[in-house]
Amino acid sequence: MMSAAVACDGQKVATGLNAEKKDWLVSLLGPRVQFDVPMWRHTTLAVGGPADVLAMPADIKVLTMLLSGARQRAIPWLIVGGGSNLLVRDGGIRGIVIALTPYFKGITTIDPGPGDVRVTAKAGTRLKTLCRYAIEQGLAGMTFALGIPGSVGGAIAMNAGTADGCIGDVLETITVLWPTGRLQRLSRTDLDFGYRRLSLPTPEITIGQHQGVIIDGTFTFSQTDPRQLRVSVEKIQAERKQRQPGGVSSAGCFFKNPSSGPSAGELIDKAGLKGKRVGGAEISSRHGNFIINRGNACAADILALAEIIETRVAAKFGVQLEPEVIIAGESNHASKSV
Ligand code: EPU
């Protein structure tokens, strides 16, 4: 996916699943399974060691069998969306990385009426594609998401958003597949949205812990004047282009914004950290909340830079920044079989 030069030893370490587990995966997924897959190829930050397994199920039936089989065999698993909000450590990921983006894609308009319009997007659809679809159809409600990278499923799980709105504002229902094989439709009243967070009503089963897989989301948009919509879209896009670095390997904004006061980007900027580097990782000189891989960064470089940011911002402003990016995997090279 990405094409950064990789210079981290940890990223070359292959790991092991025993033969029975590999045979089961091959018989279930055929060509849609790969072993010892470098995660730097599958994340927009372009760092990270190998996942034992990358599984790309083609439909819900196979996904259900994959989850139940993994449960029976005690193999951990992790769903990845666009890999745009994910930092994989250099030791890689033990267990199965499940990618929905290759096959769980598509957008359907359910009520193409004159008033509110309901649109269902499968989890693996890019958020950008859903935004573009809404704009083309003259549907208001998604412009806040312009410039947020990632997949619809990831955006729902994280309640992605900006100061102008978030997924929870426009989401009506989601379909969740539980590892038990139950497919459940949940309406927004069943869902507890927080800042960059979504939890299901049962506290022990949270989507953030990847115990349920989001299959799709249905959104409610209102019809609006397409020409006016295009004008506001162009304005938003021009602002983003000016403020955010483009054409670089990053995970978008690295930290959550504090619940009040200046944004994370502004705090990092005012702490004088823009342009600071550790190894191949650099704080963007355009936007303080973007950590960039200059092409040869390890996950460890990015984590070290993030720690410097947290320490400096806490010392200078008394604010503890929290990563928005999900950090996964093993930090060292030692591997254990699963
Ligand atoms: N600012 C600075 N210096 C900087 C960066 C920002 O002073 O280096 C100031 C800006 O001037 C502005 C304020 O901080 O007054 C907020 O900046 P910005 O409008 O760029 O928004 P943000 O809060 O940093 C959020 C989302 C972005 C999204 C933009 C759209 C979060 C954590 N980030 O950024 O989302 O694209 O709004 O305006 O909520 C992402 O989630 O990955 C992401 C990129």
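**Exercise 1. The burial of Asn289**

Task: In this predicted model, determine where Asn289 lies, whether Asn289 counts as buried or exposed, and which residues Asn289 is in contact with.

Solution.
Step 1. Asn289 has a relative accessibility of 1%. The cut-off for a buried residue is under 20% relative accessible area, so Asn289 counts as buried.
Step 2. In the chain, Asn289 belongs to the loop between strand 18 and strand 19.
Step 3. With neighbours within four places in sequence left aside, the contacts of Asn289 are Gly252, Cys253, Phe254, Phe255, Asn257, Ala264, Gly265 and Ile268.

**Exercise 2. Arg286 in the loop**

Task: State which loop holds Arg286, decide whether Arg286 is buried, partly exposed or exposed, and find how far Arg286 is from Gln242 in sequence and in space.

Solution.
Step 1. Arg286 is located between strand 18 (281–283) and strand 19 (290–293), in a loop.
Step 2. The relative accessible area of Arg286 is 47%. Partly exposed residues fall between the limits of 20% and 50%, and Arg286 is therefore partly exposed.
Step 3. Between Arg286 and Gln242 there is a separation of 44 residues in sequence, while their C-alpha atoms are 8.3 Å apart.
Step 4. Gln242 is also one of the residues in contact with Arg286; the others, leaving aside neighbours within four places in sequence, are Lys241, Arg243, Gln244, Pro245 and Lys274.

**Exercise 3. The surroundings of the ligand**

Task: Describe the shell around the ligand by its closest residues, its composition and the elements that supply it; then list contacts of ligand oxygen atoms with Arg243, Cys253 and His287.

Solution.
Step 1. The ligand is surrounded by 21 residues, of which Arg243, Gln244, Asn257, Ser263 and Gly288 are the closest.
Step 2. Sorted by character, the shell contains five nonpolar, nine polar and seven charged residues.
Step 3. At least two residues of the shell come from each of strand 9 (161–162), helix 6, strand 16 (249–253) and helix 7 (264–270).
Step 4. A ligand oxygen atom lies 2.4 Å from an N or O atom in the side chain of Arg243. For Cys253, the partner is a polar backbone atom, at 2.8 Å from an oxygen atom of the ligand. For His287, an N or O atom of the side chain is 2.9 Å from an oxygen atom of the ligand.
Step 5. On its own, the ligand has 810 Å² of accessible area, and the protein covers 80% of this.

**Exercise 4. The largest nonpolar core**

Task: Identify the residues of the largest nonpolar core that touch the most other members, and find which element gives the largest share.

Solution.
Step 1. The core has 35 residues; those touching the most other members are Leu127, Met142, Ile156, Ile167, Ile174 and Phe219.
Step 2. Elements that each supply at least two residues of this core are strand 7 (116–122), helix 3 (127–136), helix 4 (152–158), helix 5 (167–170), strand 11 (171–177), strand 15 (213–223) and helix 6 (226–243).
Step 3. Helix 3 gives the largest share of the core, with six residues.
Step 4. Not counting residues up to four places away in sequence, Ile167 touches Leu127, Phe144, Ala155, Ile156, Asn159, Ala160 and Phe219.
Step 5. A second core, separate and of 24 residues, includes Leu17, Leu28, Val53 and Leu63.

**Exercise 5. Helix 3 and its two ends**

Task: List buried residues in helix 3, then examine Thr125 in the loop between strand 7 and helix 3 and the residue Gly138 that follows helix 3.

Solution.
Step 1. Buried residues in helix 3 are Leu127, Leu130, Cys131, Tyr133, Ala134 and Ile135.
Step 2. Thr125, in the loop between strand 7 and helix 3, counts as buried because its relative accessibility is 4%.
Step 3. Beyond residues up to four places away in sequence, Thr125 touches Phe104, Lys105, Gly106, Ile107, Ser151 and Val152.
Step 4. Gly138, after helix 3, has a positive phi near 70°.

**Exercise 6. Positive phi outside glycine**

Task: Compare the location and exposure of Asp36 and Ala46.

Solution.
Step 1. Most residues other than glycine have a negative phi. Asp36 has a positive phi, near 50°, and the phi of Ala46 is positive too, near 60°.
Step 2. Asp36 is part of strand 1 (residues 33–38), whereas Ala46 is in the loop between strand 1 and strand 2 (50–55).
Step 3. Asp36, at 26% relative accessibility, counts as partly exposed; Ala46, with a relative accessible area of 1%, is buried.

Notes. Residues numbered from 1 in each chain as written. Heavy atoms only, no water. Core = buried A, V, L, I, M, F, W, Y, C linked by side-chain atoms within 4.5 Å. Buried < 20%, exposed > 50% of the residue type's maximum accessible area, 1.4 Å probe, protein only. Helix = DSSP H or I, 4+ residues; strand = E, 2+ residues; numbered from the N terminus. Contact = heavy atoms within 4.5 Å. Near = heavy atom within 4 Å. Polar contact = N/O pair within 3.5 Å; in protein donor to acceptor, adjacent residues only side chain to side chain. Areas by Shrake-Rupley, 256 points an atom, 1.4 Å probe, with all protein chains shown as cover. Nonpolar A, V, L, I, M, F, W, Y, C, P; charged D, E, K, R; others polar.
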